[in-house]
Amino acid sequence: MTNRQLYGLVGRTLGHSFSRSYFTEKFEREAIKADYINFELPEIEDLPGLVASSPGLCGFNVTIPYKQEIIPLLDELDASALMVGAVNLVSVLPGGRLKGYNTDAAAFGESLRRLIGDRPVPEQALVLGTGGASLAVKAALDEMGVHTQFVSRNEGEGRVCYSRLTNDIVARCGIIVNTTPLGMWPNTEDAPAIPYDAVGPSHVCFDLVYNPEPTLFMRLAASRGAAVRGGLEMLRLQADASWRIWQENR
């Protein structure tokens with residue numbers, strides 16, 4: 001048996017992971033006897049085998065596309081995960097039980113508040129994308145009293161498709177959040193297809209993508225005078241929250 005703690009990131013494609021470098025540097029800096037590994041799973045159904053074959057596993061983060069798919073495989077959900085409906089953090093409890101949490105919502109909310117600063121909080125927001133990260137964003141916006149309009153590639157209940165986005169819709173939504181991977185390295189010249197001409201100095205535009213920073217979405221919004229922020233600060237905040245939860249459960 002190993003006396004080293006083991007943590008990791010579960011996702012499908014993890015070639016350039018913030019989490020691994022962040023925690024590896026943290027462990028070295030603070031002389032913590034632990035490792036952080038990227039666990040690439042072709043299917044989320046491979047998770048029980050991964051847990052069974054990983055001695056010392058104390059917890060792991062969860063990323064695209066498994067933040068919702070992982071829920072049926074967990075033994076317990078924290079109130080944060082129940083509220084959001086998505087999991088980005090799992091703690092391995094004594095006896096091997098898996099408990100899911102969501103630290104994305106609180107981290108996004110904190111980073112967004114810092115970006116807004118002293119200005120009035122806009123009443124409406126556009127959330128680009130409908131995956132697990134978008135649910136965390138909506139939960140944070142709900143807490144701030146902001147009404148959310150989802151935007152997706154396909155029309156559906158509670159969402160509008162990109163082709164139906166008008167200048168008027170964009171103009172009245174003072175917060176625009178990209179929760180899609182569009183613009184992420186190496187596809188750095190991609191950006192959500194919204195009418196950027198309707199973005200102005202009263203807008204706050206937040207991109208959950210953190211590599212590169214700034215993204216094309218951020219550059220286009222900033223060129224119209226909007227306040228912009230990428231996802232790096234949010235990632236740091238949720239990573240710190242992950243570590244606190246893992247240590248509380250040990």
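**Exercise 1.** Which residues form one aromatic cluster with Tyr 22 and Phe 23?

*Solution.* The model is predicted. A search of the whole structure finds 13 aromatic pairs. The cluster consists of Tyr 7, Phe 18, Tyr 22, Phe 23, Phe 27, Tyr 36, Tyr 210, Trp 243 and Trp 246.

**Exercise 2.** Classify the ring pair Tyr 22 and Phe 23, and state whether each residue is buried or exposed.

*Solution.* Step 1: the ring centres of Tyr 22 and Phe 23 are 5.5 Å apart, and the planes stand at 90°. Planes over 60 degrees apart count as edge-to-face, so the pair is edge-to-face.
Step 2: the cut-off for buried is under 20% relative accessible area. Tyr 22 has 19% relative accessibility and therefore counts as buried. Phe 23, at 1%, also counts as buried.

**Exercise 3.** Classify the ring pair Phe 23 and Phe 27, and place both residues in the secondary structure.

*Solution.* Step 1: the centres of these two rings lie 6.0 Å apart with planes at 40°, so the pair is tilted.
Step 2: helix H1 (residues 18-29) holds both Phe 23 and Phe 27. They are 4 residues apart, about one turn of the helix.
Step 3: both Phe 23 and Phe 27 are buried.

**Exercise 4.** Describe how strand S3 pairs with S1 and S5, and how far S3 is covered.

*Solution.* Step 1: strand S1 (residues 5-11) runs parallel to S3, joined by 5 bridges. Gly 8 has Phe 60 in S3 as its bridge partner.
Step 2: strand S5 (residues 89-92) pairs with S3 in the antiparallel sense over 3 bridges. Here Gly 59 has Ser 91 in S5 as its bridge partner.
Step 3: S3 (residues 57-62) is mostly covered, with 6 of its 6 residues buried.

Conventions:
Residues numbered from 1 in each chain as written. Predicted model: local features only at pLDDT ≥ 70, side-chain atom pairs only at ≥ 80, totals over all residues. Heavy atoms only, no water. Phe/Tyr/Trp six-rings, centres within 6.5 Å; stacked < 30°, edge-to-face > 60°. Buried < 20%, exposed > 50% of the residue type's maximum accessible area, 1.4 Å probe, protein only. Helix = DSSP H or I, 4+ residues; strand = E, 2+ residues; numbered from the N terminus. Pairing = 2+ DSSP bridges.
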